[in-house]
Amino acid sequence: MKTFDDIVIDLDVSGSELSDWIESNWVLPTQEDGTLIFNDADEARVRLLNELINDIGVNYEAMPIILRSMDQVYNLRKLLGHLATAIQSLPSDARQDLEDIIRSQSEV
């Protein structure tokens, strides 16, 4: 867990830029005793924003679309992980039936 100042220093991002990203709800740190706290996901999001905006040149107008798409991909990956876990808990014959169905669908 890092504070606002830690993020600014560690990730070489300006405080005003980070504040803008928070105000735009692109980064959602928690607040504890008046201090903004950034978890690992928040830190990764700041790294991504910094790269997209400052290294690649993505404009602010495009950012909500990019972030929404990335969040959808993340959520799908998470869902697929849960699905894979559920499939592993099935009896082996049911798993095999499911694999056969998936293979036949992917051949279409």
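Author: A salt bridge is a side-chain nitrogen of Lys or Arg lying within 4 Å of a carboxyl oxygen of Asp or Glu. The model discussed here is predicted.

Reader: How many salt bridges does this rule give?

Author: The rule asks for a nitrogen of Lys or Arg within 4 Å of a carboxyl oxygen of Asp or Glu. Applied to this predicted model, the count of salt bridges comes to six.

Reader: How far apart are the closest N and O atoms of R47 and E43?

Author: R47 and E43 both belong to helix 3, and four residues, about one turn of the helix, separate them. The two form a salt bridge, and the distance between their closest N and O atoms is 3.0 Å.

Reader: Which residue of strand 1 forms a salt bridge with E43?

Author: This pair links distant parts of the chain, 41 residues apart. E43 is in helix 3 (residues 40-56), while its partner is in strand 1 (residues 2-3). The closest N and O atoms of the pair are 3.1 Å apart. The partner in this salt bridge is K2.

Reader: Is E43 buried or exposed?

Author: A residue counts as buried under 20% relative accessible area and as exposed over 50%. E43 has a relative accessible area of 10%, so the residue is buried.

Reader: How do K2 and R47 count, given their relative accessible areas?

Author: Values between the cut-offs of 20% and 50% count as partly exposed. K2 has a relative accessible area of 21%, and R47 has one of 44%. Therefore K2 is partly exposed, and R47 is also partly exposed.

Reader: Which residues does E43 touch, not counting those up to four places away in sequence?

Author: R47 is four residues from E43, so R47 is left out when residues up to four places away are not counted. With that limit, the residues E43 touches are K2, I7 and L11.

Reader: Which residue is linked with K2, E43 and R47 in a network of salt bridges?

Author: E43 forms a salt bridge with K2 and another with R47. The network of salt bridges links these three residues with a further one, D10.

Reader: Why are D100 and R103 separated by about one helical turn?

Author: D100 and R103 form a salt bridge, with their closest N and O atoms 3.6 Å apart. D100 is partly exposed at 38% relative accessible area, and R103 is partly exposed at 44%. The separation is about one helical turn because both residues lie in helix 5 (residues 92-106), and their spacing is three residues.

Reader: Are helix 3 and helix 4 parallel or oblique to each other?

Author: The axes of helix 3 and helix 4 (residues 63-88) come within 12 Å and cross at roughly 135°. Angles over 145 degrees count as roughly antiparallel and those from 65 to 115 as roughly perpendicular. The crossing angle of roughly 135° is in neither range, so these two helices are oblique.

Reader: How many nonpolar residues does the contact of helix 3 with helix 4 have?

Author: Helix 3 contributes R45, L48, L49, L52 and I53, and helix 4 contributes M63, I66, L67, M70 and D71. By class, this contact has no polar residues and two charged ones. The number of nonpolar residues is eight.

Reader: Is helix 2 parallel or perpendicular to helix 3?

Author: The axes of helix 2 and helix 3 are 12 Å apart, and the helices pack at an angle of about 110°. Angles from 65 to 115 degrees count as roughly perpendicular. Helix 2 is therefore, relative to helix 3, roughly perpendicular.

Reader: Which residues of helix 2 make the contact with helix 3?

Author: On the side of helix 3, the contact is made by V46, L49, N50, I53 and N54. By class, the contact has five nonpolar, two polar and one charged residues. The residues from helix 2 are E17, L18 and W21.

Reader: What is the phi of D33?

Author: D33 is in the loop between strand 2 and strand 3 (35-38). The residue is exposed, because its relative accessible area is 83%. Although D33 is not a glycine, its phi is positive, at about 50°.

Key: Residues are numbered from 1 along each chain as its sequence is written. This is a predicted model: local features need pLDDT of at least 70, side-chain atom pairs count only at pLDDT 80 or more; totals for chains, interfaces and linings use all residues. Side-chain values use heavy atoms; hydrogens and water are left out. Buried means under 20% relative accessible area, exposed over 50%, partly exposed in between (1.4 Å probe, protein chains only). Axes are lines fitted to C-alpha atoms, for helices over the stretch in contact, and angles run from 0 to 180 degrees between N-to-C directions. Angles under 35 degrees count as roughly parallel, over 145 as roughly antiparallel, 65 to 115 as roughly perpendicular and the rest as oblique. Contact means heavy atoms within 4.5 Å. Ala, Val, Leu, Ile, Met, Phe, Trp, Tyr, Cys and Pro count as nonpolar, Asp, Glu, Lys and Arg as charged, and the others, Gly among them, as polar.
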